[in-house]
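Reader: Hello! I am new to this structure and would like a close look at a single part of it. Could you walk me through one helix and what surrounds it?

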Amino acid sequence: MKIGIIVAMDKELKQLKELFSDSDIRIAKCGIGKVNAALGTQRMINEFHPDIIISSGCAGGNGDDINIQDVIVSTEVTYHDVYCGTAIDNTTVYGQVQGLPVRYPADPYLLSKAQQLSIINYQLSIHTGLIVTGDWFVDTKEKMRSIINLFPEAKAVDMESCAIAQTCYINKVPFISFRVISDIPLRDTDASQYHDFWNQIADNSFQVTKTFVESL
């Protein structure tokens, strides 16, 4: 099985490159944001022809049961900053690109393997749920509240996963997102948790992605 793993930043790339050496696993940095994510995913598909694609990296967390270094596995992803309006099509909902799915579900096989992983490796704090994506680094409680008001069930907020999922959907490539929680915006001030994550506790935070890949 050929596996493509896409991250946004050099820091995430470094973490994962230290974990994998198999030639059937390619890890690529796309850059931050939705356009970079889509371009990087299409490039991965065109050049590597992976059987599956994993979006990996860090994200802001949401929920009383979510803590820093927990891992969120996507059951589905959507955009928190897309709205196509109702002038042409009154069935399109907030977060949906007109003519495309409201949400992009994780591949059922990959999700089932991830759920088994959380049982087998009970020492890992793995949660499954909705991940929402937008071109906004959430560094204030006010911004996080505005997102959660629209998507109260969201477990994580990032800047790439849904764009990767959309590109995979168009290309018919199975997809799932694994996101390590680097900060909890509703409990944070001035993104201090995010900076502490990278300065103090990021080491080994991406081991769960390796464990997941080894289970496939």
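Which exposed residues does the face of α2 turned away from its buried side carry? Please take me on from there into the parts around the helix.

Author: Happy to! Please keep in mind that this is a predicted model. The residues you ask about are Val-35, Leu-39 and Glu-47, which are exposed on the face of α2 turned away from its buried side.

Let us turn to the other side of the helix. The buried residues of α2 are Lys-34, Ala-37, Gly-40, Thr-41, Met-44, Ile-45 and Phe-48. Looking down the axis of α2, you would find these buried residues within an arc of 135 degrees, so they line one face of the helix. The length of α2 can be checked too: it has 15 residues, numbered 34-48, and at 1.5 Å a residue they should span 21 Å. The C-alpha atoms at its two ends are 21 Å apart, in agreement with that expectation.

Now for the end of the helix. α2 is followed by His-49, which has its place in the loop between α2 and β3. The phi of His-49 is near 55 degrees, and this is a positive value in a residue other than glycine. His-49 has a relative accessible area of 52%, so it counts as exposed, since the cut-off for that word is over 50%.

What lies over the buried face of α2? The cover includes the strands β1 (3-7), β2 (25-29), β3 (52-61), β4 (71-79) and β6 (126-133), together with α5 (161-171). We can visit several of these in turn.

Begin with β3 and the loop that comes after it. Ile-54 is a good residue to pick out: leaving aside neighbours within four places in sequence, it is in contact with Ile-3, Gly-4, Ile-5, Ile-6, Ile-176, Phe-178, Phe-212 and Val-213. The largest nonpolar core has 33 residues, and Ile-54 is one of the four that touch the most other members, along with Ile-5, Ile-176 and Phe-178. Helix α3 (residues 108-120) supplies the largest share of this core, with four residues. Another core lies apart from it, with 26 residues, among them Tyr-104, Ile-164, Cys-168 and Val-173.

The loop between β3 and β4 holds Asn-62. With a relative accessible area of 9%, Asn-62 is buried, because anything under 20% counts as such. Its side chain reaches the backbone oxygen of Ala-154 at 2.8 Å. Not counting residues up to four places away in sequence, Asn-62 touches Met-144, Ile-148, Pro-152, Ala-154, Lys-155 and Leu-186. Gln-69 is found in the loop between β3 and β4 as well. For Gln-69 the relative accessible area is 38%, so this residue is partly exposed. Its phi is near 80 degrees, a positive value in a residue other than glycine.

Next comes β4, the strand where Thr-78 is found. Thr-78 has 1% relative accessibility and therefore counts as buried. A polar atom of its side chain lies 3.3 Å from the backbone oxygen of Gly-95. Beyond its neighbours within four places in sequence, Thr-78 is in contact with residues including Gly-95, Val-102, Arg-103, Phe-151 and Cys-162. Leu-130, Ile-131, Val-132 and Thr-133 are also among its contacts.

From β4 we can step across to β6. These two strands pair in the parallel sense over eight bridges, and Ile-72 stands opposite His-127 in β6. Seven of the eight residues of β6 are buried, so the strand is largely enclosed by the rest of the structure. β6 is also joined by four bridges to strand β7 (residues 154-158), with the two running parallel. Here Leu-130 has Ala-154 in β7 as its bridge partner. You have met Ala-154 already, as its backbone oxygen is what the side chain of Asn-62 reaches.

Our last stop is α5. This helix is mostly covered, with eight of its eleven residues buried. The buried ones are Ser-161, Cys-162, Ala-163, Ile-164, Ala-165, Gln-166, Thr-167 and Cys-168. Two of these names are familiar from the 26-residue core, which has Ile-164 and Cys-168 among its members. Just after α5, Lys-172 takes a positive phi of about 60 degrees.

Technical notes:
Residues numbered from 1 in each chain as written. Predicted model: local features only at pLDDT ≥ 70, side-chain atom pairs only at ≥ 80, totals over all residues. Heavy atoms only, no water. Expected span 1.5 Å × (residues − 1). Buried < 20%, exposed > 50% of the residue type's maximum accessible area, 1.4 Å probe, protein only. Arc of directions from axis to C-beta. Contact = heavy atoms within 4.5 Å. Core = buried A, V, L, I, M, F, W, Y, C linked by side-chain atoms within 4.5 Å. Pairing = 2+ DSSP bridges. Polar contact = N/O pair within 3.5 Å; in protein donor to acceptor, adjacent residues only side chain to side chain.
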